[in-house]
Every structure is written in C-alpha cells, then in structure tokens.
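I opened the notebook to log a few lookups. Sheet, helices and cores are on the list.

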Amino acid sequence: MKVETTLLPVPLAPEIRLYLADRGVGLFDLTGGEFRSDEPPPFWAFVWAGGQALARYLLDHPGTVAGRAVHDLATGSGVAAIAAALAGAATTAATDLDPAAAEAAQRNAAANGVTLSTQPPATTDLLLAGDVFYSPAVAPAMTATLRAARRENTEVLVGDPGRGYFPERLFERVAEYVVPVPAALEETETLVTGVWRMR
C-alpha cells in the first residue's frame, strides 16, 4: 500500500521527527474506506497517543532505559523505540506483525540518527507497548504476552489513552499526558493518556 508521508515533529515529543500521513487524513482514508484482512491498515503512518506518551516519558526519564535492552512490541511508527534509543538504551528492538510497520520504524529511526533491531532481543529488560488494547480480539492475546514477559522479570510499560479493552487492574499509572492527536483519526484533538507499569 502506497501512503504519502511527510517528515514531521511528534506533537508531544518534538525532539523526534517521523514520516507521517497528513493530519487531515484518517486511518481508513488511506485504504479507500475499506478494511481488507489480507493487508492491515497503515497504523504505522500515524503517531498514536499511547506511543507519544511512552516517548515523552522515556525522554523525560532516561534512567528508565539507560543501558538496558528495550523491546517495543507492535511498534507502529517506532516512536517509543526511537525515544528509548535517544534516551540511552543499550539496545532497542522494534517489532510489528505488519512488515510495512517494521520498514516504517527503520525509516523513522534513520531520520532520527538511531538504529533499531527488527528482531526481539534474546533477553529484554524493558518491554514497551503503545496503543495495543484497541480491540476485543487483540486485547487478551496482548495481555497474555505482557504477563508472560512480566513473569520473566521484564519491566513492562504501556501507553494507553483509555481504550475500552485496557486491563487497568494489572497496572499502576506512572505518568499522564494530554496528547495532541489528529481529529481525523480520533474524533478529538487531544486524548488524556497514561503511561502504565505492569504490576
């Protein structure tokens, strides 16, 4: 899928620039208004509220990642992974089920002068997940993945703007931001978004 993007600063973390779709464009505008199961919509062409919140948190709290092996799961644009790399992570991996997202994360990393691996690390100190609880189909599997990581003593941070499927009882909030978002994407111009640490 060909998507026109422009290198733009991230609203909540302008230290980072990403190749993004125009702010007036919604997710399904880029697919001709259709959802096709064989080709995921281009989530990577947008910087979602949860990823922005994680990025801001990591840039403001570099001790969270300094010298650690970080894995950004379902990376999308790569914004949280890029923030981790900029904040001093020893290694940063950015993975996504959509190969186009992994490519976008690599392109965005290069634009910010950092390097991301596309393979999960052998051991992970910190697992990041932004905006991953967006549907009833995805949420249980994501919860299981994060809980499995936590059982291995991996620290887990999630960025979530109050999506309906977020299992809040498993987390404690460590920060909260009012995140600018495109109205065409979220039907509002800001979302109150938490950064949450898994218990």
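Is T95 buried or exposed? I looked up its relative accessible area: 12%. The cut-off for buried is under 20%, so T95 is buried. I note that this is a predicted model.

Next I placed T95. It lies in strand β4, residues 91-95. I then listed its contacts, leaving out residues up to four places away in sequence. T95 touches H71, D72, L73, A74 and T75, and also T118, Q119 and P120.

**Sheet**

I traced the strand order next. The open sheet has 6 strands, in the order β4-β3-β5-β6-β8-β7, with mixed pairing. β4 and β7 (171-180) are the edge strands. Each has a single partner strand, so one side of each has no neighbour in the sheet. From one strand to the next, the twist averages 15 degrees.

I checked the β7 edge. β7 runs antiparallel to β8 (residues 190-198), and 9 bridges join them. I picked out one bridge: V178 has V192 in β8 as its partner.

**Helices on the sheet**

I looked at what lies across the strands. α2 lies across β3 (69-73), β4 and β5 (126-130), and runs at about 175 degrees to β4. Helix α4 (residues 139-151) lies across β3, β5, β6 (155-160), β7 and β8. Its direction is about 150 degrees to β6.

**Helix pair**

How do α1 and α2 run relative to each other? I took α1 as residues 49-60 and α2 as residues 79-86. Their axes come within 8 Å and cross at roughly 5 degrees. Angles under 35 degrees count as roughly parallel, so α1 and α2 are roughly parallel to each other.

I listed the residues that meet. From α1 they are G51, Q52, L54, A55, L58 and L59; from α2 they are V79, A80, A83, A84 and L86. By class, this contact has 9 nonpolar, 2 polar and no charged residues.

**Cores**

Which residues touch the most other members of the largest nonpolar core? I found I16, L58 and L128, in a core of 38 residues. At least two residues each come from β2 (13-20), α1, α2, α3 (99-111), β5, β7 and β8. The largest share, 7 residues, is from α2.

I followed I16 further, setting aside neighbours within four places in sequence. Its contacts include L8, P9, V10 and N112, as well as A55, L59, V79, I82, A83 and L86.

I logged another core, apart from the largest one. It has 16 residues, among them L73, A139, V156 and F171.

How values were computed: Residues are numbered from 1 along each chain as its sequence is written. This is a predicted model: local features need pLDDT of at least 70, side-chain atom pairs count only at pLDDT 80 or more; totals for chains, interfaces and linings use all residues. Side-chain values use heavy atoms; hydrogens and water are left out. Axes are lines fitted to C-alpha atoms, for helices over the stretch in contact, and angles run from 0 to 180 degrees between N-to-C directions. Helices (H or I, at least four residues) and strands (E, at least two) are DSSP runs, numbered from the N terminus. Angles under 35 degrees count as roughly parallel, over 145 as roughly antiparallel, 65 to 115 as roughly perpendicular and the rest as oblique. Contact means heavy atoms within 4.5 Å. Ala, Val, Leu, Ile, Met, Phe, Trp, Tyr, Cys and Pro count as nonpolar, Asp, Glu, Lys and Arg as charged, and the others, Gly among them, as polar. Buried means under 20% relative accessible area, exposed over 50%, partly exposed in between (1.4 Å probe, protein chains only). Two strands pair if DSSP finds at least two bridges between them. A nonpolar core is a set of buried Ala, Val, Leu, Ile, Met, Phe, Trp, Tyr and Cys residues joined through side-chain atoms within 4.5 Å.
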